[in-house]
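Me: I am new to this structure and should like to understand the terms used to describe it. May I put some questions about the reasoning behind them?

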Amino acid sequence: MSETAQSHSLEPSPIETSLKAAEKSWENHPANPYNWPEKKKWAIILVAAAVTLLVGLNAAATTTPSIVIAERFHVSDVEFPHSYWPVTVWTTAAAFGPMVGLPLLENFGIREGYLALFAVFILMVIPQAVAPNFATLLVSRAIAGAIGGILQNTMEQFSGDMWRTDKERNLPVTLYTYVYVAGVTLGPVLGAVVDDLYWRWSVSRAKLPLA
């Protein structure tokens with residue numbers, strides 16, 4: 001191969017040149033989340049933190065009144081601890097949901113998908129609160145758990161999408177860990193507080209004001 005041919009083969013193609021120019025332009029573009037003002041970044045993180053806390057409360061709030069729920073729906077724990085199913089189906093669905101939901105959010109848009117999922121999550125509080133039977137309660141909590149798992153994990157993704165370095169992400173990720181653990185920890189406490197009023201409060205009215 002001649003030197004002229006070799007030099008031409010080393011030159012970037014027009015497509016490669018265009019892609020590099022686009023990447024350089026996007027790196028400094030105001031619409032790039034890395035370049036957003038800190039106030040905007042933290043507003044998004046704080047909203048996501050509130051959602052993560054709310055989801056955690058919904059996950060564990062039925063733990064304390066589990067016996068009351070079992071009695072209401074005539075579920076017996078004699079042969080098997082069926083009263084734990086409301087929490088079990090929620091957490092199992094929450095583990096499965098992100099494996100399917102997070103890739104879809106990446107493909108179709110995180111913002112729109114996140115808002116849509118949160119709206120559905122709030123709507124799923126209604127069938128949990130007014131469930132006429134045990135099966136309805138379990139199905140509605142499974143759907144809420146699958147969506148809740150996606151919502152919780154998306155907050156951590158926000159941190160990676162808005163801050164460039166690990167040092168900058170330390171505080172947002174720490175906040176995510178805190179509200180994640182606080183939600184599931186405070187859930188049984190909330191359930192115990194409202195249990196004396198009415199167990200359905202643990203999945204409905206106690207969360208709607210926060211939402």
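Me: What is the hand of the crossing in which α3 passes α6?

Reply: The model is a predicted one. In it, α3 passes α6 in a left-handed crossing. The two helices pack at an angle of about 30°, and their axes are 12 Å apart.

Me: What makes the angle between α3 and α6 count as roughly parallel?

Reply: The angle is about 30°. Angles under 35 degrees count as roughly parallel, so the pair falls in that class.

Me: Which residues meet where α3 packs on α6?

Reply: From α3 come Ala48, Val51, Leu54, Val55 and Asn58, and these meet Tyr114, Phe118, Phe121 and Ile122 of α6. By class, this contact has eight nonpolar residues, one polar residue and no charged residues.

Me: Why is α5 called oblique to α8?

Reply: Their axes lie 6 Å apart, and the helices pack at an angle of about 45°. That angle makes α5 oblique to α8, because it is neither under 35 degrees nor over 145, nor does it fall from 65 to 115. The crossing of α5 and α8 is right-handed. The contact of α5 with α8 has, by class, 17 nonpolar, eight polar and two charged residues.

Me: What makes the angle between α6 and α8 count as roughly antiparallel?

Reply: The axes of α6 and α8 cross at roughly 150° and come within 10 Å. Angles over 145 degrees count as roughly antiparallel, and therefore this pair does. In passing α8, α6 makes a left-handed crossing. Among the residues in the contact are Ile110, Tyr114 and Phe121 of α6, and Ile147, Leu151 and Phe158 of α8. By class, the contact has eleven nonpolar, three polar and one charged residues.

Me: How do you know whether Leu137 is buried or exposed?

Reply: Leu137 has a relative accessibility of 0%. The cut-off for a buried residue is under 20%, so Leu137 counts as buried. Its place is in helix α8. Leaving aside neighbours within four places in sequence, Leu137 is in contact with Ile69, Phe73, Pro86, Gln128 and Ala131. One of these, Ile69, is 68 residues from Leu137 along the chain, and the C-alpha atoms of the two are separated by 9.9 Å.

Me: Which residues touch the most other members of the largest nonpolar core?

Reply: They are Phe121, Leu151, Met155 and Phe158, in a core of 28 residues. The elements giving two or more residues to this core are α3, α5, α6, α8 and α9. Another core, of nine residues, lies apart from it; among its members are Ala70, Val75, Ala131 and Leu138.

Me: What does Phe158 contact, leaving aside its neighbours within four places in sequence?

Reply: Phe158 is in contact with Ile44, Ile45, Ala48, Ile110 and Tyr114.

Me: How many helices and strands are there in the protein chain?

Reply: The protein chain has nine helices and zero strands. Its elements, from the N terminus on, therefore read α-α-α-α-α-α-α-α-α, since each run counted is a helix.

Me: What share of the residues of the protein chain count as buried?

Reply: Of its 211 residues, 38% count as buried. As for contacts in the protein chain with a separation of 6 or more, residues 24 or more positions apart account for 78% of them.

How values were computed: Residues numbered from 1 in each chain as written. Predicted model: local features only at pLDDT ≥ 70, side-chain atom pairs only at ≥ 80, totals over all residues. Heavy atoms only, no water. Core = buried A, V, L, I, M, F, W, Y, C linked by side-chain atoms within 4.5 Å. Buried < 20%, exposed > 50% of the residue type's maximum accessible area, 1.4 Å probe, protein only. Helix = DSSP H or I, 4+ residues; strand = E, 2+ residues; numbered from the N terminus. Contact = heavy atoms within 4.5 Å. Axes fitted to C-alpha atoms, helices over the stretch in contact; angles between N-to-C directions. Left-handed = near helix turned anticlockwise from the far one by under 90°. Nonpolar A, V, L, I, M, F, W, Y, C, P; charged D, E, K, R; others polar.
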